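Q: Please take a close look at a single part of this structure, going from strand to strand and residue to residue. Afterwards, add the other local features that belong in a careful reading, and give each term its cut-offs.

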Amino acid sequence: MRIKKNLTWTLGYSHSPDIVPKDFIPARVPGAVQLDMRRECGLPDYNYGTNVQQYEWMEKAFWHYRTTAYVEDTKGDTPYLVLESIEYRYDIRLNGRSVCVGEGLYTPVALNLSDYTGQTIAIEVIVYPAPVRPGTSYRRQEYSASCKPAFSYGWDWSPRLIALGLCGDAYLEYRPTAAIEEFSLTYTLAPDLSAADVTVAFATLGQASLLRFMLYGPNGEPVYSVDKQSPACRGSFTFTLKHPELWWPSGHGEQNQYTAVLQSFTTTGIADSLEQQTGFRRIKLVMNAGEWDRPEGLPATQKRIPITIEINGRRIFAKGSNWVPPDFFIANMTEEVYLEQLRLVKEAHMNMLRVWGGGYINREAFYTLCDQLGILVWQEFPLACANYPDDEDYLSVLEQESVSIIKRLRRHPCLALWSGGNELFNEWSGMTNQSLALRLLEKNCYDLDRHTPFIATSPLYGMGHGHYVMRADGQEVLQIFRSKDYTAYTEFGCAAPSPYTYLQQYIPADELETIEPGGSYELHHAVNAWRSKSDWFSKEIVEYFCGKTDTVKETAEKGVYVQGLMYQYVFEEIRKQWPTCSMALNWCFNEPWPTAAGNSLINYPAIPKPAYERVKNALRDAKASIRPEKLLWRFGEKCSIGLWILNDTPRPLASGTISAFLSWDDKEMPLLTWTYEAVPAMENQQGPSLFFQVPAAADGRFYIRLEASQPDLSDRFPLLCRSSEEQETIDTQF
C-alpha cells in the first residue's frame with residue numbers, strides 16, 4: 001500500500017529566484033505566504049479597516065519554501081515528491097538543481113525520486129510573483145494571462161489580495177509497483193433510464209497480477225464485481241448496470257450515490273486501493289417553453305439558446321445563487337467552511353449554485369457536499385470579464401488545467417453544466433465564439449465529459465445579467481423584472497448596506513459614521529465599487545423607499561430591510577415566469593471578506609443577512625404568492641395585485657382556498673377568498689386580483705396576508721407606502 005511521509009517546511013522571500021532569503025519562518029502547508037507572514041510576523045488582520053493594503057507587496061516577491069527529506073529504500077516501492085497544488089508559477093529544485101518549472105494550481109506535481117534513494121535531499125519550491133499580463137494597467141485585465149482567480153486582483157466586492165504559496169498538501173509518497181495511477185468511471189444511460197453502460201478506465205505504475213473492481217449501491221449493497229487477471233498497465237473495461245437508482249437534485253428525489261472500488265494485487269497480496277463515489281443521472285440543457293414558436297424576422301440565424309435544466313427526463317426550475325470563493329485562500333476552504341455555507345444554501349430551498357468564473361475551482365469537499373445535499377453546480381472555468389489571449393503559452397496552461405479540472409469533477413452527479421467563464425462576450429471582455437480559449441474548453445469538455453452540457457459564457461442570447469441596485473432609470477428593480485422576457489436570470493442583485501452591527505466589527509470607529517470615498521468604506525466596497533460613488537451602500541435608494549435617514553445606523557437598518565423585501569419579490573416574480581424562464585440565480589450568495597455593502601445574502605464568514613431569510617421564504621417549494629407592480633405605494637393609491645400559487649415540486653397540489661386580508665397598523669380587512677383548482681406538478685397557477693386603496697399606514701408599511709386551507713402555502717407580504725406630499729419630495733430628489 002502507499003506510504004505517505006509529511007514534510008516540515010520553512011519559508012522566506014527575496015527579490016530574485018537565485019537570491020537566498022535572509023530569514024526563514026515556519027510555514028504551514030497547505031497554506032499561503034500571506035497567512036504565514038501574518039501568523040509569524042504579527043501582521044494585522046487583513047479583514048479590518050485598510051489593513052489589507054499592508055499585504056500587497058507580497059505579490060511582487062519570490063517566495064522560497066524549503067525542507068529536507070531522507071529518501072528511503074523501501075524494497076521495490078517508488079518514492080515521489082507530491083505537490084498537490086501550487087499557486088501559481090513555480091520552480092522546484094532538488095539539491096539546488098532545477099528539476100521542474102511550471103504554473104497552474106489545479107494540476108498536481110509528482111516527481112520520481114528514485115535517483116535519490118538512500119540520500120537526504122534539499123527540496124526547494126520557489127513561488128514566483130503573481131502573474132500580470134504585459135501591457136495591462138493595474139486592476140484592469142492583469143489576470144487574463146493566467147488561470148489564477150481573477151477576483152484576487154480586486155473586484156467590486158473584493159480587495160486586491162493575490163494568494164501565493166503551497167496551497168495543497170506537499171509530501172513524500174512511496175508507491176508500490178502496482179500503484180493505481182488513474183481510476184475513472186464514466187457511463188451512458190439508456191434512453192428510458194433503465195440501464196447504464198459503464199466504462200472503467202485504469203492505469204497502474206507497473207504490472208499488477210490482478211485488478212479487482214467492485215461497485216456498491218446506495219445502501220452499501222454489492223451490485224457488481226469483476227477480477228481482471230494479469231491486466232495491462234493501462235486499459236478499460238465495460239459492463240451494464242440494470243435499473244440504476246438515480247441521483248436527483250434537492251426537492252426532486254433522493255441523492256442516490258454508488259461507491260466504486262478498484263484494487264490492484266501482486267503475488268504478495270493487495271498493493272493499492274482507490275475508492276470514489278458517483279451518481280447516475282442524465283442532464284441536458286433544452287429549449288425553454290415556447291422558444292421554437294417565437295416569431296422571428298428574416299433572416300433569423302438562431303433562436304435564444306436552450307437553458308432549461310432537464311434531469312432524468314424532467315424539466316426543473318433552477319433556483320439558487322452565484323457562488324464566489326468563501327475565502328481569499330483556497331487552503332482555508334475546509335470541509336467545515338463549505339458545510340456551514342452549503343447548509344444555508346440547502347435550507348434556503350436552493351437547488352443550484354453557479355460557481356462564478358472569476359473565483360477558484362473549489363476543493364473536492366465542496367462537490368462532495370453538493371452531491372450529498374442535492375445542489376446542482378454550474379461550473380465555470382477560470383475566465384472572467386477579460387479578453388484571454390490566443391497565445392500559445394496561455395493556451396498550453398489552460399489545456400493542462402482544464403483537463404485536470406474536468407477529470408476531477410466529471411464523476412460528481414451534482415455537476416450540471418460547464419461554462420467557459422463569466423461575461424466573456426460583453427464589450428468589456430471582447431471575446432467571441434472564435435476565441436481559441438473557448439474553442440479549446442469546448443473541445444476538452446466534449447472529449448472528456450460529453451454528456452454534461454457546455455456553454456461558452458454567461459450571459460448568452462436570451463439570458464439576463466442585472467440589474468444590481470434596487471432602483472435604476474426611474475424604476476424599481478421589481479418593475480424592471482416584470483417587464484423583461486429573459487430565458488434565465490443568471491445574475492441579479494439588490495445592493496444595500498451590511499447590518500450596522502457588522503460594520504462596527506470591520507470599520508474603525510473614527511470612520512464609522514462618515515460614508516465617503518477613500519479609507520475603509522471604499523476599500524470595503526460601500527462607495528466607488530461599481531459605476532458611481534454611491535454604488536452598493538445606496539443611501540439615496542434607501543431613502544427613496546424609506547424616507548430621509550440621518551445616521552449610518554439608520555440607513556443600514558432600513559437598507560437591509562428593503563433589500564430583503566426586494567429580493568423576495570424579484571425571486572417570486574421570476575418564478576412566475578416559468579416555464580418560459582427557467583432560472584433565478586441572484587448575485588451573489590457569499591463573499592470572501594467583510595463587505596460594508598453589496599448584494600450577497602450572507603456576510604463573511606457565514607452570517608445570514610435579513611435578505612437571506614426573505615429569499616428562503618421566497619424559494620419554498622410550494623407557496624401562495626402575490627404579484628405587486630411595485631414595492632412603494634402612495635396613500636390612497638388604487639392598487640391591483642394578482643394572486644398566485646407557485647409549485648416547483650414534482651408533486652401536484654390539491655385544490656383548496658386562499659383568503660386574502662389587507663393589514664396595516666392594528667387594522668385588518670378581508671379582501672376575497674379564492675377557491676383554486678388542483679395545481680399540477682412543476683406548474684404555477686394564476687388567481688384573481690385584489691383591488692383596494694392603499695391605507696395611510698402610520699409606520700409606512702401595509703401587508704397582504706394570505707391564509708391557505710393548506711397551511712404550508714400561507715404567507716404575509718409587507719409593502720411600503722407614504723403620503724403624496726412625502727412622495728413628491730422624494731421624487732424631486734431623484
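A: Helices (H or I, at least four residues) and strands (E, at least two) are taken here as DSSP runs and numbered from the N terminus. The model is predicted, so local features are reported at pLDDT of at least 70 and side-chain atom pairs at pLDDT 80 or more, while totals for chains, interfaces and linings use all residues. Residue numbers start from 1 along each chain as its sequence is written, and side-chain values rest on heavy atoms, with hydrogens and water left out.

The part chosen is an open sheet of 3 strands in the order β22-β23-β24, paired antiparallel, where pairing requires that DSSP finds at least two bridges between two strands. Strands β22 (283–286) and β24 (314–316) form the edges, and because each has a single partner strand, one side of each is left without a neighbour in the sheet. From one strand to the next the twist averages 35°, an angle taken between N-to-C directions of axes fitted to C-alpha atoms (over the stretch in contact for helices) on a scale from 0 to 180 degrees.

On one side of the sheet, β22 is joined to β23 (residues 308–311) by 4 bridges, with the two strands running antiparallel. Within this pairing Ile-283 lies opposite Ile-311 of β23, and Lys-284 has Glu-310 of β23 opposite it. On the other side, β23 and β24 are paired in the antiparallel sense over 3 bridges, and here Ile-309 faces Ile-316 of β24 as its opposite residue. These two strands also make a hairpin with 2 residues between them, and Asn-312 in that turn has a positive phi of about 55°.

In a regular strand, side chains alternate between the two faces of the sheet. In β23, Thr-308 and Glu-310 point one way while Ile-309 and Ile-311 point the other way, and all of them are buried, where buried means under 20% relative accessible area, exposed over 50% and partly exposed in between (1.4 Å probe, protein chains only).

Edge strand β24 holds Arg-314, which counts as partly exposed because its relative accessibility is 24%. Apart from its neighbours within four places in sequence, Arg-314 is in contact (heavy atoms within 4.5 Å) with Trp-248, His-252, Ile-309 and Pro-650. His-252 and Arg-314 are 62 residues apart in sequence, and their C-alpha atoms are 9.3 Å apart in space.

Elsewhere in the model, two helices can be described as a pair. The axes of α9 (residues 539–546) and α10 (residues 552–576) come within 9 Å and cross at roughly 75°, so α9 is roughly perpendicular to α10, given that 65 to 115 degrees counts as roughly perpendicular, under 35 as roughly parallel, over 145 as roughly antiparallel and the rest as oblique. Lys-539, Val-542, Phe-545 and Cys-546 of α9 meet Thr-555, Lys-558, Gly-559, Val-562 and Met-566 of α10.

Several loops hold backbone features worth noting. The peptide bond from Glu-87 to Tyr-88 is cis, with omega near 15°, and Tyr-88 sits in the loop between β6 (86–87) and β7 (89–94). A cis peptide bond also leads from Ser-458 to Pro-459, with omega near 5°, and Pro-459 has its place in the loop between β29 (454–455) and β30 (463–465). Asn-95, although not a glycine, has a positive phi of about 50°; this asparagine, Asn-95, belongs to the loop between β7 and β8 (97–103) and is partly exposed, with a relative accessible area of 43%. Asp-665, another residue other than glycine, has a positive phi near 45°. Asp-665 is in the loop between β42 (656–664) and β43 (667–676) and, at 35% relative accessibility, counts as partly exposed.

As for the cysteines, the structure holds 0 disulfides, a disulfide being a pair of cysteine sulfur atoms within 2.5 Å. Cys-721 is buried, with a relative accessible area of 6%, and its sulfur is 10 Å from the closest cysteine sulfur, that of Cys-639, which is too far for a bond. Cys-233, at 31% relative accessibility, counts as partly exposed.
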